[in-house]
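Hi everyone, thanks for coming. Today I'd like to walk you through how two parts of one chain meet. Here it is on the screen.

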Amino acid sequence: MNKGSIQVIDCQILAHDQFAGRQHILTLESAQIAKATKPGQFVHVSVSNMLLMRRPISVMSVDIQNNSFDLLYKVVGQGTQQLSERKIGEVLSVLGPIGNGFTITDKKSPLLIGGGVGMPPIIAAAQQIKNSVYNPFVILGSEVPFPFTSKLSKIPTPHIKENFTMPLLEDWGIACRLASLQNYMGVFKGYVSDLARVYLDGLSADELLQVEVYACGPKPMLAAVAQLAKSYQLPCQVSLEEYMACAVGGCAGCVVAVQVDNRPTMQRVCVDGPVFDATTVF
Amino acid sequence: MHKNLKTKFCKLPLNSPIILLSGCVGFGEEYTRIDGFSNAEVGAICLKGTTLEPRLGNMPHRVIETPSGMINAIGLQNPGVDAVIDNILPALDKTETRFIINISGSLVADYGEIARRFDNSDIDAIEINISCPNVEEGGAAFGNDPDMSYRVVEACRQNTSKPLITKLSPNQTDIGLCAQRCIDAGTDGLAVINTLTGMAIDTNTRKPIIGNNQGGLSGPAIKPIALLKVHQVYQVSKKHQVPIIGQGGITTVDDALEFIIAGAAAVGIGTALFYDPLICGKINAGISQYLLDNDLNNIDELIGTLQLNNSTSLC
């Protein structure tokens with residue numbers, strides 16, 4: 001229990017950009033959250049005065065120089081709809097940062113996989129390990145247009161012929177490729193797990209020993225990634241989501257079934273997760 | 001802490017009339033993760049519902065927002081009475097506030113046994129949850145049957161000398177009758193009300209959103225109902241000097257004051273914490289100021305001071 005680790009902060013909206021597929025990137029001002037957030041952690045946001053319950057949203061990236069952080073969300077219900085209507089200059093009450101994010105281990109070739117609105121914690125993990133001894137590879141998947149303008153990558157990835165990437169990751173010098181079942185230019189046609197298999201099959205046995213998988217996305221995607229990791233005997237961390245009320249561990253509303261010591265348990269996504277060892281969930 | 005907020009509930013001295021409600025605040029320490037939150041700001045904390053054996057609870061989804069409130073169906077996830085007594089109670093900082101355990105069972109005898117085990121602990125009081133739908137007789141909730149409510153309270157009373165608070169269900173015809181029976185069986189206090197049963201449906205899948213299909217509705221949506229129930233129960237309980245925790249959708253200072261005026265000696269805060277985790281300090285300050293503004297020394301002078309209208313209708 002980390003007493004006092006979660007702040008209650010009124011954050012001003014610095015930017016709020018809409019993308020295709022009802023996706024939005026929200027930039028909020030807070031030096032404290034920008035400094036304290038670890039990859040895979042989330043914030044619990046009051047979206048409007050009409051809806052009282054907060055909405056949990058993963059932090060995608062932080063900007064310590066500008067005292068801000070970015071959230072990516074997709075409009076799926078009333079809460080995200082009302083959030084999407086908030087304007088630059090308005091103030092949102094935010095709780096955060098919350099949760100046990102990804103534990104970046106000493107395996108030097110992290111395979112980071114994000115699907116849909118599961119991309120943010122993956123991008124946050126990439127941000128933490130850019131310009132370091134790590135040699136990550138990122139796979140992002142989406143069935144609606146990506147919430148960025150993808151561009152040709154100059155970072156080579158042998159064995160994968162599709163070569164478009166996310167500009168932010170390219171700027172960070174991190175290799176990334178995209179996957180979708182849609183016909184998007186420069187994007188691998190298939191599931192993120194299919195592209196991950198192509199990538200892993202291109203690695204030597206020694207290189208595979210340095211791979212740990214980090215994933216966030218819809219549950220069927222995570223199940224496929226967990227299965228893939230198991231078949232290659234790779235450790236795998238998955239970030240989960242669930243409807244949430246308090247976000248501090250008080251209400252046990254956001255639980256998921258997790259195996260602990262070969263026994264079923266119900267663990268809270270908010271404070272026991274949101275990141276879990278994939279073998280305990282799938 | 002504001003001095004004029006000091007009060008007593010079932011003879012327990014409280015720093016504030018605010019009691020944090022069972023099921024919203026885990027086992028008492030969870031909200032201290034929030035910077036600026038302190039257990040010392042509340043009079044008591046009612047811990048998570050505890051059963052004889054450990055329970056994993058219901059499958060997700062367990063919570064969903066509904067207009068001006070939320071539905072939950074957690075399913076009494078808890079580690080069981082022995083783990084609570086051995087592992088959780090010793091770790092609580094009892095200098096800050098009072099702790100009340102909430103107990104639940106499937107059989108009348110379960111309630112008696114759990115009360116007996118907590119009688120030997122340092123818990124300050126026991127709240128009896130008589131709204132569990134899985135019961136021995138006929139499948140109806142204990143709390144919706146005044147005679148069954150009597151038997152549950154009686155079983156607890158026979159096994160403990162700790163203050164007993166009985167949490168009444170609003171899902172019954174005559175809550176006053178149930179309150180009377182619980183008082184007859186020896187309850188020291190009453191908590192009014194528990195959640196109302198409700199449902200939410202996903203129109204795409206045509207399935208209930210809550211894994212348990214139905215759940216308990218809380219939040220501002222139920223406040224007017226809770227307020228009337230407190231008024232009704234107070235008509236019964238005041239004759240016996242049995243105090244009430246008024247609870248159900250309290251979100252503002254005025255909400256809290258309304259419950260006290262209707263007859264509550266303490267006010268429960270639950271769902272509102274999910275909106276504003278720092279709400280207790282604001283409600284404390286507001287109640288304290290109201291007492292000053294109205295020349296009242298403490299909340300005892302405000303409890304049950306409701307002035308009813310002359311309701312004779314004009315024909």
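Let me start with a term I'll need in a minute: a polar contact is a pair of N or O atoms within 3.5 Å, where, within protein, one has to be able to donate a hydrogen and the other to accept it; neighbours in sequence count only if both atoms belong to side chains. And please keep in mind that this is a predicted model.

So, the layout. Chain A splits into domain 1, residues 7-98, and domain 2, residues 111-239. Taken over C-alpha atoms, the centres of domain 1 and domain 2 of chain A are 24 Å apart.

Now to the interface. On the domain 1 side, 15 residues are in contact with 16 residues of domain 2 of chain A. Between them, the two domains bury about 1,300 Å², and 70% of that is on carbon and sulfur atoms. Which residues of domain 1 lose the most area to domain 2? They are A:Pro39, A:Met60 and A:Leu72, together 39% of what the domain 1 side buries.

What about polar links? Here the term from the start comes in: three residue pairs are in polar contact between the domains, both residues at pLDDT 80 or more. The salt bridge count between the two domains is zero.

Finally, the strands. In chain A, β2 (23-29), β4 (55-63) and β5 (68-74) each supply at least two residues of the domain 1 side that touches domain 2. The largest share, five residues, comes from β4(A). By class, that side of domain 1 has nine nonpolar, five polar and one charged residues.

Thanks, and I'm happy to take questions!

Key. Residues are numbered from 1 along each chain as its sequence is written. Chains are lettered from A and ligands numbered from 1 in the order in which they are written. Side-chain values use heavy atoms; hydrogens and water are left out. Domain bounds come from an automatic or database domain assignment. Contact means heavy atoms within 4.5 Å. Buried area is the accessible area (1.4 Å probe) that two parts lose on being put together, summed over both. A salt bridge is a side-chain nitrogen of Lys or Arg within 4 Å of a carboxyl oxygen of Asp or Glu. Helices (H or I, at least four residues) and strands (E, at least two) are DSSP runs, numbered from the N terminus. Ala, Val, Leu, Ile, Met, Phe, Trp, Tyr, Cys and Pro count as nonpolar, Asp, Glu, Lys and Arg as charged, and the others, Gly among them, as polar.
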